[in-house]
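The following paragraphs work outward from one residue to the helix that holds it, and then to a pocket.

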Amino acid sequence: MAKKDISKMDMEFASKAADGGLAEVEMGKLAKQKSKSSEVRDLAEELIKDHSQANDTLMKLAKDSDMTVPSTPSGKYKSILDKLKSAEGDEFDRQFVSMQIEEHESEINLFSSEADHGSDPDLREFASGCVPVLKEHLEMARSIYTHMS
């Protein structure tokens with residue numbers, strides 16, 4: 001099979017999507033361990049399941065296109081994870097849910113942009129398929145956050 005010619009925008013999308021997806025799984029695992037809230041643990045379960053599936057699909061697409069994407073979360077996410085690791089109890093839940101709202105708003109923009117403007121049809125289809133799931137995660141996080149106040 002001939003190697004695909006992947007645009008810079010598509011490569012940046014794949015790299016950012018992989019980085020964020022890996023971080024989401026790590027944050028979800030942390031929340032499952034640390035949270036006392038069943039709502040937060042349910043959100044964490046969804047994040048782990050959905051982002052793991054998306055990561056697997058993205059890794060396959062990247063491999064098929066000879067793209068290199070991160071295999072561990074970047075420094076940006078390592079510092080977020082460290083901050084979450086040091087939080088306890090209600091403070092952990094607040095930070096985790098707030099972080100999920102912020103991250104998912106950003107991810108929805110990233111994935112929507114790729115779905116609308118990406119040049120690789122496989123990545124566009126992948127991004128488009130992820131947007132409804134990301135919106136669902138965002139709504140879950142927002143709902144939990146309003147009950148915390």
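Is His137 buried or exposed? In this predicted model, His137 has a relative accessible area of 1%. Buried means under 20%, so His137 is buried. Leaving aside residues up to four places away in sequence, His137 touches Leu43, Glu46, Leu47, Asp50, His51 and His104.

His137 sits in helix 5, which covers residues 121–148. At the N-terminal end of helix 5, Asp120 acts as a cap, with a side-chain oxygen 3.1 Å from the backbone nitrogen of Asp122. The length of helix 5 can be checked: at 1.5 Å a residue, its 28 residues should span 40 Å, and the end C-alpha atoms are 41 Å apart, so the two values agree. Helix 5 also bends, by about 30° at Val131, and the proline Pro132 follows within four residues.

Which residues of helix 5 are buried? They are Leu123, Phe126, Ala127, Cys130, Val131, Leu134, His137, Leu138, Ala141 and Ile144. The bend residue Val131 is thus listed among the buried residues. The packing partners of these buried residues are helix 1 (8–34), helix 2 (38–64) and helix 4 (89–117).

The last feature is the largest pocket, with a volume of about 220 Å³. Its lining comprises 17 residues, of which Asp50, His51, Ala54, Cys130 and Val133 are the closest to the centre. Asp50 and His51 are also among the residues that His137 touches, and Cys130 is one of the buried residues of helix 5. Helix 1, helix 2, helix 4 and helix 5 each contribute at least two residues to the lining of this pocket.

Technical notes
Residues numbered from 1 in each chain as written. Predicted model: local features only at pLDDT ≥ 70, side-chain atom pairs only at ≥ 80, totals over all residues. Heavy atoms only, no water. Buried < 20%, exposed > 50% of the residue type's maximum accessible area, 1.4 Å probe, protein only. Contact = heavy atoms within 4.5 Å. Expected span 1.5 Å × (residues − 1). Bend = angle between axes of the 7 residues up to and from the residue. Polar contact = N/O pair within 3.5 Å; in protein donor to acceptor, adjacent residues only side chain to side chain. 1 Å grid on protein atoms, 1.4 Å probe; cavity = no way out; pocket = protein on both sides within 12 Å on 5 of 7 lines; lining within 4 Å. Points joined across faces, edges and corners; volume = space filled by probe spheres on them.
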